[in-house]
Each structure stands twice: as C-alpha cells, then as structure tokens.
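Visitor: Please show me the structure, and then let us go through its salt bridges.

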Amino acid sequence: MQIFGNQPATGPAEPAATGHVKDSTDQSFMADVVEVSKQVPVLVDFWAPWCGPCRQLGPVIEKAVNAAGGKVKLVKINIDENPQVAGQLRIQSIPAVLAFVNGQPVDGFMGALPESQVTDFIKRISGEIDEAALDDVLARAEEALAQGDAGGAAQDFAAVLQAAPENTRALAGMARVFLSQGDREGAEGVLAQVPPAKAGDPAIAGVRAAMELASEGEDAGDPADARAALEKAGGKGAALRYDLARALIGAGDLEGAAAQLLDSIAEDREWNEGAARQLLLRVFDAAGQTSELTRAGRKRLSSILFS
C-alpha cells in the first residue's frame, strides 16, 4: 500500500483485461461507473504505475472479476492521470477498491489482498452468498454493532441485503446502525423497505420499539447529570436510578439503562407501582428478545423477583 505522492515511475502497469474490465477517466467516470452500477455492481480499482502493491493486486482482481462471468464489472482509474474522482472520494492510499451499487459506493478494501479474499469480496458484492454464509455474516455484523463498530456492521448488513433484500434480520440490523449514529430518518428509510407481510417480524418490531423508546427518552436530560445526582445520594435511590436509566435510553445506551433499572428493582421493586420493571420490559423489547442484553437481563430479573 502506498500513500499518494510524487514517486518515480517503475514502468507501465499491465493493461486492463478485456470483457468485464476496462480503464476509465475522471471524465467518463459517471458513464463507466455510476450509470453501469445501476445494472450490475462495479468495482473501481484506484492505482498508479509507481505503486508496487497495485501491480500485485491488478492481475488478481482482473482474474477474479472475469471469473465471475459478468456478475460484477471492474473499472481501473490511474490516479496520477485522473486525480479528481479519487480526491472527491477521499482516497488517501492505494491500491484502493470501492464497490458501487445503484450509483453509490457501498463497500471497499485497501491493499493487495490475496485472490481468495478478493473472490469472497466479489461474491459478497454480487449477492452470491449461500444461506449458511448469510447467517455467519449476520452474526458478525450484529457482534460488530454490539462492539460499537457501526461501519463494519453496516458493510456486512449491506452485503446480506444485496443477496437477500427482504431479510428482516439484516433490515433490522441496518436500521439499528442508523439509530446508533443518531440518524432516525435513515432508520425510518430502511424500515420503509420492509415488505408489509413481514412488518410484524420480531426483529423489525424490536427496532420500532427501540425508536419509540428513544423518542420518549429525549426529554430525560443528560446522563452525566443524572449520574451525578445518584452519586450525590450515595448511589442509592430507586427513583434516581430510574431517572438515570431514562437518560441513558435517550442517549441510546440500552445496556446501561437495563443495568440501572435492574438495580432500581433490586433496591425497591414496588417503587412507583413497578415503573422500573415496566420500563425494563420495554428495554428488552427494544434490544430484541434474543439479544444477549435481554437474555442476561431476564435471568437477573428472575433472580431479583424470586430470591
């Protein structure tokens, strides 16, 4: 991988292969990439003659694209001769490959990957993923989102949706990615793609519950203020913990909110006619009934209520 700069040329790179591979320019980018990607995914390989890893990747990606038999196209852009598009897309190191679908970049990678990884990338972009692989990708995406890696999660959810546009688990996951970034409008846009017959799917219902819960928590104030009030009271107070939980919900921290609500119930399960327990059950709905948060939370709730 090389950083852009004035480097001495080491001779011309191999010419682009025929068939599903072509060279392009800044001037023809719209026609060669954006428009074509509305019919078939297009990979754009940004390279330069002085870049050693680019010369390694070139034959590998060309071979893999041609082997795909038209499921994807490859467009090669020499950034020395055509810097405009690379600059607009903020390409800072090469080789860099971006995948365009429906006129938009949806995924990519940097560096000279081995042929097996390039082939897997092409299969993901073209939607050529079997059911078992879909489950693996979904599990990886959900784990990434749980760890705070919204970008990685979005890439995997998008890959699944490329292969299975009506997959409710992937649609729900992508909506949660938007919610994690505070983009309610984006989440609504994803949910609008859910087929009416699948609107009641538990994964979709969970996202809608999360959106409703987050809206109600928007007026709960700053979690830092609520936490300070709890600390000032010596870390005690079912009502103070409830207030902190609402603030955490408003901030999108369902795990933190569940922990505070469980502590509130443990301290005084009857406070305000069981308000903490009622809110906790809604948090479980929002997190998803099969989520680790819900499974662990229900186990602790049972321990509190029946011990």
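Visitor: Is E267 buried, partly exposed or exposed?
Guide: The model is a predicted one. E267 has a relative accessibility of 36%. Buried requires under 20% and exposed over 50%, so E267 counts as partly exposed.

Visitor: Which residue forms a salt bridge with E267, the closest N and O atoms being 3.8 Å apart?
Guide: The cut-off for a salt bridge is 4 Å between the side-chain nitrogen and the carboxyl oxygen. The pair links distant parts of the chain, with E267 in helix 12 (residues 254-267) and its partner in helix 11 (residues 238-250), 26 residues apart. At 14% relative accessibility, the partner counts as buried. The partner of E267 is R241.

Visitor: Which residues are linked with R241 in a network of salt bridges?
Guide: R241 and E267 form one salt bridge. The network that holds R241 consists of that residue together with D263, E267 and R300.

Visitor: How many residues apart in sequence are the parts that E212 and R282 tie together?
Guide: The side chains of E212 and R282 meet in a salt bridge, 3.7 Å from N to O. E212 lies in helix 9 (residues 202-216) and R282 in helix 13 (residues 275-287), so the parts tied together are apart in sequence by 70 residues.

Visitor: Are E62 and K76 buried or exposed?
Guide: E62 and K76 form a salt bridge at 3.4 Å, N to O. E62 is in helix 2 (residues 52-67) and K76 in strand 4 (residues 73-78). E62 and K76 are both buried.

Key
Residues numbered from 1 in each chain as written. Predicted model: local features only at pLDDT ≥ 70, side-chain atom pairs only at ≥ 80, totals over all residues. Heavy atoms only, no water. Helix = DSSP H or I, 4+ residues; strand = E, 2+ residues; numbered from the N terminus. Buried < 20%, exposed > 50% of the residue type's maximum accessible area, 1.4 Å probe, protein only.
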